[in-house]
Structure formats: C-alpha cells, structure tokens
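Q: Could you take me slowly through one part of this structure, pointing out what I should look for as I follow it on the screen?

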Amino acid sequence: MNDLSTPAGQVRKAPENFLDQQGILTIFAQARSGRRDFIRSAFAAAAASAAAAKAMAQGNPVPREGGDENILNLPEHAKGLGQGVATEGYGKPSRYESNVQRRQSPGLTQTTQASVSFAPLQSLFGIVTPSGLHFERHHQGWWDIDPSKHRFMINGMVKAPKVFSMDEIMRLPSVSRFHFIECGANTAVEWGNVAVPTVQYTHGMISCSEFTGVPLITLLEIAGADLKNGKFVLAEGGDGSAMTRTLPMSLIKSGEVFVAYAQNGEMLRPENGYPLRLVVPGVQGVSWVKYLRRIEVGDKPYAAKDEAVHYIDLMPDGQHRQYTNLQEIKSVVTTPSGGQVLLDKGFYNITGLAWSGRGKVKKVDISVDGGRNWRSARLETPVLSKALTRFNLDWVWDGKPAILQSRATDETGHVQPTYKQLRATRGTRSIYHNNAIQSWLVQENGEVKNVQLS
Ligand SMILES: Nc1nc2c(c(=O)[nH]1)N[C@H]1C(S)=C(S)[C@@H](COP(=O)(O)O)O[C@H]1N2
Ligand SMILES: [Mo]
C-alpha cells in the first residue's frame, strides 16, 4: 500500500476508447511536441535576450541568430489593423481554446438525449463555470422553451392553485447567489475502479454559477400554501422525463431554495433549464428540477420514480438508502491531473476545487506522497457556503514518482474519506455519492495517471 517505489502496479489501464478523446490533453500541451526541445529553446531565448540587452546598451545592432522569433520579430497583430467591434452574434472564446469543451464519457451510454456531458475542470480557473461549459444531465433531452408560454403552478395544500407567468415571477424581489450543482452520480465509475483518464470524466458532473431568482418560500406564501401541515413539496419538470422530486418543507422554509431564471448574469441556458429551474443548494443535482412547471405541497414524501427506484444507494447489507440528498464534503486536484504531462521537474502550482453541501469549506490538505504527509493549501477568496472553493499550493517536483491527493474538511467538521473508509461503510456496489479522496500519479516521465490506492 502506498508504495511509491512500484507505481506501475497502481496504474489502472484506461479503456482504449478513452484514448482517442481530445479531452485528455491540456495546459501542458507543449510537452507533446517534445519537451526537451521546448525547454532548450526557452533557455536559448533567455540567453539571446540577455545578449540583445547588452548589445543594445552598447549601441550595437541586435543579434538575431538563435533567438526566439516570437520576441525578436514584430508579429502581424502589432503592425496591421485589428477586427472591428464584435457586435454580431454572441461573443465567443478564442479559437485557440476550441478544445475546451464539454464531453461525453465513452464509459457511459452514448445516447444524446438521455445522457451526460462533463465540464472540463482541468481547463477552468476560479470558482465560476462558464455557462457554455456547464455540465449537462438530461433524462430525455433538452428544450428551448418559449418563456412567454411557460407557466409555473403551485397546487396541493394551498388556498387555491396559483399559476405564474415568467413576467409575474420576474417582477418579484430576487436573490443572486453562488452555488455548486453536483450530480449525485459524479465520480460514479470510480466505485467500480474504472480508471477514466481525466478529471473531466472523474469529477466533471459539477459546476458552479451565480444564480438569480425568487425564493420558493415567497411563491408558496403568495399561493397561500399551508406551511404548518405541508411538510413536503414535490417539484416537477416540464420535459418528457417526468422528473419529479420530493423536498422537505424545512429546507424551503430556510429560504435557501429558489426558483432561478438567470445564471452568471444572463438568462439560464436551455441546457440548464431555461426559462426556470429549481436551485437547491447543497443537494444533489437531480433535485434541481429544470423547466420547472409545478410545485405541489403535501404532507408526506412522494416516493416518485426518481427517488424510489433511481437515486438510491445499495448498502453492504443489501438494503437501499433512499432520499440521500446531501452532497458531502469533497475535493479534487484539477492540475496536475490525469492526462496532463509535466514539462520537467521544478515549480508547479497545485490547484483544485473543494465543496460541501453542508456549508463552507474550512480546510484542504494536500499530499504529494499518497497520503503519508499533508500540507494545507491556500483557500482563495471568496469562500462561499455550498459553492465551489478554489485552492492552490506551491510544489517543487523532484522528478520522482509522486501521488497527489487533496482532502477537504468543511465547517461542520466533516472530512473527506479515503476509498478504504468509504467502502467500509458504503460497500462497493453504489453508484451515487462517492466523495472519496482522488489520487493522481505523476510518473517519472511527467505523465499524470488516475490511480486508486488500496
Ligand atoms: N426537468 C428535468 N430536470 C432535471 C433533469 C432532467 O432530466 N429533467 N436532470 C436532473 C439531473 S439528474 C441533474 S444532475 C441536473 C443537471 O443539471 P444541468 O443539466 O443544468 O447540469 O438536473 C436535474 N434536473
Ligand atoms: Mo444527476
């Protein structure tokens, strides 16, 4: 266990079909075109510019031979006329960033409607997921619904059923809050020890946005809901998947749950539930019902199909756990991570994300030796409740095999478990709620691999 001298034994081979996926490559891409050359030319450029500085100081012409063309020659963009203002269409990222995309995991069902696309965590910075890279989970495809025709109804234990148009919702007092949404099945394939190669596929069913909308409690009050005897609500989506989920009224009364129409400063994207979705901070993604069309107030849980048959946890004793809504404390190193290649030994910034459905992240510890020694990472501000938290740590790689891990602790004292600890209580046959510590093996050649320590 944790034997760094024989890392090969710990490397789980990725299934072949992963390897032709573009997603494997990342910020250290230069390495693929020959890292020796890259490093040598970088040194040459440094030496050349020192020589150039000296020559210029002496009033001599600048020597060009052996120098870095990219600094010695004026590029086109410094000489010509640039593009006009981007008034047409919606602004897009640089063409050089075109491989930063959501991707489908070849390890999962390859239908396009009832499927998942994973967010490219290895290419993201800070805590906000750009809306065009937000992970997607559709049970029956997505829709671009006409907001002028969308209606939202509250019924059940209410004075009288109440129907809202989008206009009626958008004139009410609103809140804007940053929260993560994580699918309960995030990191699921790791239960079975299937080594998906990149952090996009291991952890990419999480995203974090600033959502804007109206607290559900406000809408329930307007509808005259029986807040005393109404102990639960059922949320229903407007797509063909008949997505229905029970939520306890206590959660709604906390004021945290809201009906959102905006994400990251603009209206929701169609993939993410335009024009209306439920935001349920700290709770697994499936309860964040998209295309929200109805809330029913009731006095008992509804045992809908997506909570009685799906989204249940098979325990070691053969029983199933139901209504396991909370997303527990979790973290992952996003760089260096699986599929990346370190150029050479020396300085690296270890960076990653941590989150907890219970509140704020309090601490993230990092190990570079498979869990023997730990150092605390810097948590970058803002550190928000039930939102992603970015962490960073300085690291000097000595060129020897290293196993990188992050272990997060939240403000309630919950600590992220090892696989050994998780399996001791949860067994090995689960799909959902895997929050175990992730390990990345940095090999001597700089390649980073997904490994699991026994
Ligand atoms: N109406 C509706 N709501 C839904 C779903 C769906 O298929 N239909 N999928 C759920 C699941 S399982 C998850 S993880 C999240 C995904 O949200 P996203 O696609 O915005 O990332 O939406 C949830 N809400
Ligand atoms: Mo999900």
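The answer below follows one helix, and then a strand and its partners.

A: Please keep in mind throughout that this is a predicted model. Begin with helix α9, which covers residues 419–426, and look for its buried residues, which are Y419, L422 and R426. If you turn the view until you look down the axis of α9, you will find that these buried residues fall within an arc of 65°, so they line one face of the helix. The face turned away from that buried side carries exposed residues instead, namely K420, A424 and T425. To see what the buried residues of α9 pack against, look for two strands, β13 at residues 313–314 and β14 at residues 320–321. Just after the helix comes G427, a residue whose phi is positive, near 75°.

Now move to strand β17, which covers residues 361–367. Of its 7 residues 5 are buried, where buried means under 20% relative accessible area, so β17 is largely enclosed by the rest of the structure. One of the strands that β17 pairs with is β21, at residues 402–410, and the two run in the antiparallel sense over 6 bridges. You can trace one of these pairings from V361, whose bridge partner in β21 is D410. Strand β18, at residues 375–376, is also joined to β17, here by 2 bridges, and this pair is antiparallel as well. For an example to locate on the screen, take D365, whose bridge partner in β18 is S376.

Conventions: Residues are numbered from 1 along each chain as its sequence is written. Chains are lettered from A and ligands numbered from 1 in the order in which they are written. This is a predicted model: local features need pLDDT of at least 70, side-chain atom pairs count only at pLDDT 80 or more; totals for chains, interfaces and linings use all residues. Side-chain values use heavy atoms; hydrogens and water are left out. Buried means under 20% relative accessible area, exposed over 50%, partly exposed in between (1.4 Å probe, protein chains only). Helices (H or I, at least four residues) and strands (E, at least two) are DSSP runs, numbered from the N terminus. Two strands pair if DSSP finds at least two bridges between them. The arc is that of the directions from the helix axis to the C-beta atoms. Contact means heavy atoms within 4.5 Å.
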